[in-house]
Amino acid sequence: QVQLVESGGGLVQPGGSLRLACVASGFTFSRYPMSWYRQAPGKERELVASITRTGSTNYADSTKGRFTISRDNGQNTVYLQMSGLLPEDTAVYYCKASRYCTLGICYGQDYWGQGTQVTVSS
């Protein structure tokens, strides 16, 4: 049974920090690139950060150096460390395990977590 179980969301004041965690099970975590997405009410889901199987990272411009994605393959966990939080960071945050694609052909399927609410407000 494939599961991505997220934790760490909640209410935080502007300028504060949160660390989100997503624990994976039911598949070979170390083989999958992992990503964090977020979706605010009335907006499209957007990519926040991604990390390869070996730890290379990419970030959305909107993170402005405030977020850090990391993974622990031994614990089957991907993290999103969020600092300097802004009200516009308020969204439901989802973790995603990406299937392998090459030459326009994809194998298997993507997996998504259930989402965790992050609210930045004073």
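**Figure 1. Both C22 and C95 are buried in this predicted model, and a disulfide joins the two.** The structure shown here is a predicted one, so read every distance as a model value. The S to S distance for C22 and C95 comes out at 1.9 Å. C22 sits in strand β3 (residues 18-25) and C95 in strand β9 (residues 91-97), so the link ties together parts that are 73 residues apart in sequence. If you search the whole structure, you find two disulfides; the other one gets its own view next.

**Figure 2. C101 and C106 form a disulfide as well.** Here the sulfurs are 2.1 Å apart. The angle about the S-S bond is 110°, which makes the link of C101 and C106 right-handed. How covered are these two cysteines? C101 is partly exposed, with a relative accessible area of 40%, and C106 is also partly exposed, at 33%. Number the bonded cysteines of the chain in sequence order and the pairing reads 1-2, 3-4.

**Figure 3. Strand β9 pairs with β4, β13 and β12.** This is the strand that carries C95, and six of its seven residues are buried, so call it mostly covered. Strand β4 (residues 34-39) runs antiparallel to β9, with six bridges between them. One spot to pick out is Q39, whose bridge partner in β9 is V92. Strand β13 (residues 116-120) is also antiparallel to β9, this time over three bridges, and there A91 has V118 as its partner in β13. Strand β12 (residues 111-112) joins β9 through two bridges, again antiparallel. For that pairing, look for K96 standing opposite W112.

**Figure 4. E6 is a buried acid without a salt bridge.** You'll find E6 in strand β1 (residues 3-7). Which side chain of opposite charge is nearest to E6, and how far away is it? It is R45, at 8.2 Å. A salt bridge needs the nitrogen and the carboxyl oxygen within 4 Å, so a pair at that distance doesn't qualify. There is a polar partner in the backbone, though: the nitrogen of T116 lies 3.1 Å from a polar atom of the E6 side chain. Beyond its neighbours within four places in sequence, E6 is in contact with both C22 and C95, and with A21, W36, Y93 and Y94. The list also takes in G113, Q114, G115 and T116.

**Figure 5. Strand β8 is paired with β3 and with β7.** Strand β8 spans residues 77-82, and five of its six residues are buried. β3 and β8 run antiparallel over six bridges, and C22 of the disulfide with C95 stands opposite V78 in β8. Six bridges also join β8 to strand β7 (residues 67-72), once more in the antiparallel sense. Within that pairing, F67 has M82 as its bridge partner in β8. β7 and β8 make a hairpin with four residues between them. If you like checking backbone angles, go to N76 in the turn, where phi is positive at about 55°.

**Figure 6. T77 in strand β8 is buried.** The relative accessible area of T77 is just 3%. Anything under 20% counts as buried, so T77 makes the cut. A polar atom of the T77 side chain lies 2.8 Å from the backbone oxygen of Q75. Leaving out residues up to four places away in sequence, T77 touches A21, C22 and V23, along with F29. S70, R71 and D72 are in contact with T77 too.

**Figure 7. V2 sits in the segment before β1.** V2 is partly exposed, with a relative accessibility of 28%. How far apart are the C-alpha atoms of V2 and G15? They are separated by 35 Å, with the two residues 13 apart along the chain. Skip the neighbours within four places in sequence and V2 is in contact with S25, G26, F27 and Y111. Of these, Y111 falls in strand β12 (residues 111-112), and S25 in strand β3 (residues 18-25).

Notes
Residues are numbered from 1 along each chain as its sequence is written. This is a predicted model: local features need pLDDT of at least 70, side-chain atom pairs count only at pLDDT 80 or more; totals for chains, interfaces and linings use all residues. Side-chain values use heavy atoms; hydrogens and water are left out. A disulfide is a pair of cysteine sulfur atoms within 2.5 Å. Buried means under 20% relative accessible area, exposed over 50%, partly exposed in between (1.4 Å probe, protein chains only). Two strands pair if DSSP finds at least two bridges between them. Lys and Arg count as positive and Asp and Glu as negative; His and the chain ends are not counted. A polar contact is a pair of N or O atoms within 3.5 Å; within protein, one must be able to donate a hydrogen and the other to accept it, and residues adjacent in sequence count only if both atoms are side-chain atoms. Contact means heavy atoms within 4.5 Å.
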